[in-house]
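User: Hey, I've got this chain open and could use a walk-through. Can you take me around it?

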Amino acid sequence: MMPEKWVQSLFLLVVGIFTHASGAFVGINIGTDVSNLPPTSDLVAILKAHQITHVRLYDADSHILKALSASGIEVMVGVLNEEVLSIGESASAAATWINKNVAAYLPSTNITAISVGSEVLTSIPNAAPVLVSAMNFLHKALVAANLNFQVKVSTPQSMDIIPRSFPPSTATFNSSWNSTIYQLLQFLKSTNSYYMLNAYPYYGYTKGDGIFPIDYALFRPLSSVKQIVDPNTLFHYNSMFDAMVDATYYSIEAFNFSGIPIVVTETGWPWFGGADEPDATVENAETFINNLIKRVLNNSGPPSQPRMPINTYIYELFNEDKRPGPASEETWGVLFANGSAVYPLRLSTSDQITENSSVVFCVVKPGADSDKLRDGLNWACGPGQANCTAIQTEQSCYYPDTLEHHASYAYNDYYQKMRSVGGTCDFSGTAMTTTNDPSSGSCHFAGSSNSNTSTGGLSPPVAFGPTNPFEGSSSSMHSLRLQHLISAAFFALVLL
């Protein structure tokens, strides 16, 4: 082996050892079916601002993987369901996939896992015969590239392959998948990998016909008369989440396998739903997610495996508003696309609560068209209700007296006030977000640690804020320009 390659392999091995020696973690899934997905550079800033250390991608998006370079964030990449068949039938296709989507980014992007498909057994059962072959081919390609110590291979499965998950002690996998599941468990054991589980107490509760109380699904304390107990083991289950994980451990045990950890690759709770989804509420989502985080970070396992922490990925980072299906499909995200939290959120063991924290600023994009900037400034100081007093003549943020500076101030003031209710930083493509505080001297931008400007003092207008607010007649635009020139003071008074 060449010395350089040996050093790289040693580095990756050490990284892998320290990664897996640390305590339990809470990661997050990043879906991209979002109308206004932030630029990848902003995405990384958002992840760091919310102290997110582990992410799962459903594919191997090159832009996101490049942006995550040198971030230290651990990344799980995904083989798409439509790729499973071709990889499962061709070792060379697997090697090509590894070289293109994994080896090309290591070690600068900290890729530590590959999820092969998503719920393959229940979503694309025709691929089941080659699922483990695909995993084996990918693993062998990792071995050939000396990456098998750094990157683990597994495949996420839903709870649906366990027909009766309660009581957990009697749970078993659907017998029709016995051959595939046995091969899967053999692979996970031999490669020192882990079982990936998608576990959703939301569905367990809403489809449970009232068998279990909602407190059980939300990690809330249960009264003495509502205790959930496995009659065979007498284990008490304080949450449906723990029971689901334990049912999977028992199902694995039924195949005479042990020592295979479970990682929950998806779990969450939608914060809004249709008329027939009454349990999809902000209160329930906030309760579930924050209690889940506390549960996972206590570093314990379920009752049958108390020393096996349950590493977990929340579903999901952003609300994927382009997803088809019921209303709740669009509202699983914990953040709006602008980086603000849907509800107060604790994503670490610290006492810090993420509640629309002002660590991201909205400023003018370099090279923005001057006419669009004027329109954006007019809209922000007018219908957008930004407080533009500070950029009036001789006020604290009047200098430098440039269109770019004044627009940045107005854009940011609007953004800080309205992002908690979905306000965006776009302004017809003239704006961008940044983590660099644009304040200088006595001019403090809203959201700055030195700013006394309130970011939540206004009730939101009917429309939050337009991706392109200036579509309309040219006379409307001229009217706005005139208003800005002769009535700026009036706009400031509106806000007082």
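Analyst: Sure. One term up front: a residue is called buried when its relative accessible area is under 20%. With that cut-off, 52% of the 496 residues of the protein chain count as buried. Keep in mind that this is a predicted model.

User: Got it. How many helices and strands are in the protein chain?

Analyst: The secondary structure comes to 15 helices and 13 strands.

User: And among contacts between residues at least 6 apart in sequence, what share joins residues at least 24 apart?

Analyst: That share is 71% in this chain.

User: OK, the inside. How many residues does the largest nonpolar core have?

Analyst: The largest nonpolar core has 108 residues. Trp97, Val102, Ile114, Val116 and Tyr195 are the ones with the most contacts inside it. Helix H11 (residues 240-253) gives the largest share of this core, nine residues.

User: Anything apart from that one?

Analyst: Yes, there's a second, separate core of 25 residues, and Val364, Leu373, Tyr414 and Phe427 are among them.

User: Back to Val116. What does Val116 touch?

Analyst: Leaving out residues up to four places away in sequence, Val116 touches Val79, Val84, Leu131, Ala134, Met135, Leu138, Val153, Ser154, Thr155 and Pro156.

User: Now helix packing. How do people describe a pair of helices anyway?

Analyst: Two packed helices are described by the angle between their axes and the distance between the axes.

User: Then how do H4 and H7 cross?

Analyst: The axes of H4 and helix H7 (residues 128-144) come within 8 Å, crossing at roughly 75°. The two helices are therefore roughly perpendicular to each other. On the H4 side you have Val84, Leu85, Ile87 and Gly88, which meet Val130, Leu131, Ser133, Ala134, Phe137 and Leu138 in H7. By class, this contact has eight nonpolar residues, two polar and no charged ones.

User: And at what angle does H4 pack with H5?

Analyst: Helix H4 (residues 81-88) and helix H5 (residues 91-103) pack at about 130°, with axes 6 Å apart. That angle makes H4 oblique to H5. Glu83, Ser86 and Ile87 in H4 meet Ala93, Ala94 and Trp97 in H5. The contact divides into four nonpolar residues, one polar and one charged.

User: Trp97 came up before, right?

Analyst: Yep, Trp97 is one of the residues with the most contacts inside the largest nonpolar core.

User: Jump to the later part of the chain. How do H13 and H14 cross?

Analyst: Helix H13 (residues 370-381) and helix H14 (residues 403-418) have axes that come within 9 Å and cross at roughly 40°. So H13 is oblique to H14. The crossing is left-handed.

User: Which residues in H13 and H14 meet?

Analyst: From H13, the list is Ser370, Lys372, Leu373, Arg374, Gly376, Leu377, Trp379, Ala380 and Cys381. From H14, they meet Leu403, Glu404, His406, Ala407, Ala410, Tyr411 and Tyr414. By class, this contact has 10 nonpolar, three polar and three charged residues. Leu373 and Tyr414 also belong to the second core.

User: What about the loop between S12 and H13, who lies there?

Analyst: Ala368 lies in that loop, between strand S12 (361-364) and H13. Ala368 counts as partly exposed because its relative accessibility is 22%. Not counting residues up to four places away in sequence, Ala368 touches Leu373 and Thr430. The C-alpha atoms of Ala368 and Thr430 are 5.1 Å apart, though the two residues are 62 apart in sequence.

User: Time for backbone oddities. What's usual there?

Analyst: Most residues other than glycine have a negative phi, and most peptide bonds are trans.

User: So which peptide bonds are cis here?

Analyst: One joins Leu106 and Pro107, with omega about 0°, and Pro107 sits in the loop between H5 and strand S4 (111-116). Another runs from Phe166 to Pro167, with omega near 0°. Pro167 is in the loop between strand S6 (156-158) and helix H8 (178-190).

User: And positive phi?

Analyst: Gln51 has a positive phi of about 60° and is not a glycine. Phe427 has a positive phi too, near 50°.

User: Is Phe427 buried or exposed?

Analyst: Phe427 counts as buried, because its relative accessibility is 1%. Phe427 lies in the loop between H14 and strand S13 (431-434).

User: And where does Gln51 lie?

Analyst: Gln51 is in the loop between helix H2 (40-49) and strand S2 (54-57). Gln51 counts as partly exposed, at 31% relative accessibility.

How values were computed: Residues are numbered from 1 along each chain as its sequence is written. This is a predicted model: local features need pLDDT of at least 70, side-chain atom pairs count only at pLDDT 80 or more; totals for chains, interfaces and linings use all residues. Side-chain values use heavy atoms; hydrogens and water are left out. Axes are lines fitted to C-alpha atoms, for helices over the stretch in contact, and angles run from 0 to 180 degrees between N-to-C directions. Helices (H or I, at least four residues) and strands (E, at least two) are DSSP runs, numbered from the N terminus. Angles under 35 degrees count as roughly parallel, over 145 as roughly antiparallel, 65 to 115 as roughly perpendicular and the rest as oblique. A crossing is left-handed if the near helix is turned anticlockwise from the far one by less than a right angle, and right-handed if clockwise. Contact means heavy atoms within 4.5 Å. Ala, Val, Leu, Ile, Met, Phe, Trp, Tyr, Cys and Pro count as nonpolar, Asp, Glu, Lys and Arg as charged, and the others, Gly among them, as polar. Buried means under 20% relative accessible area, exposed over 50%, partly exposed in between (1.4 Å probe, protein chains only). A nonpolar core is a set of buried Ala, Val, Leu, Ile, Met, Phe, Trp, Tyr and Cys residues joined through side-chain atoms within 4.5 Å.
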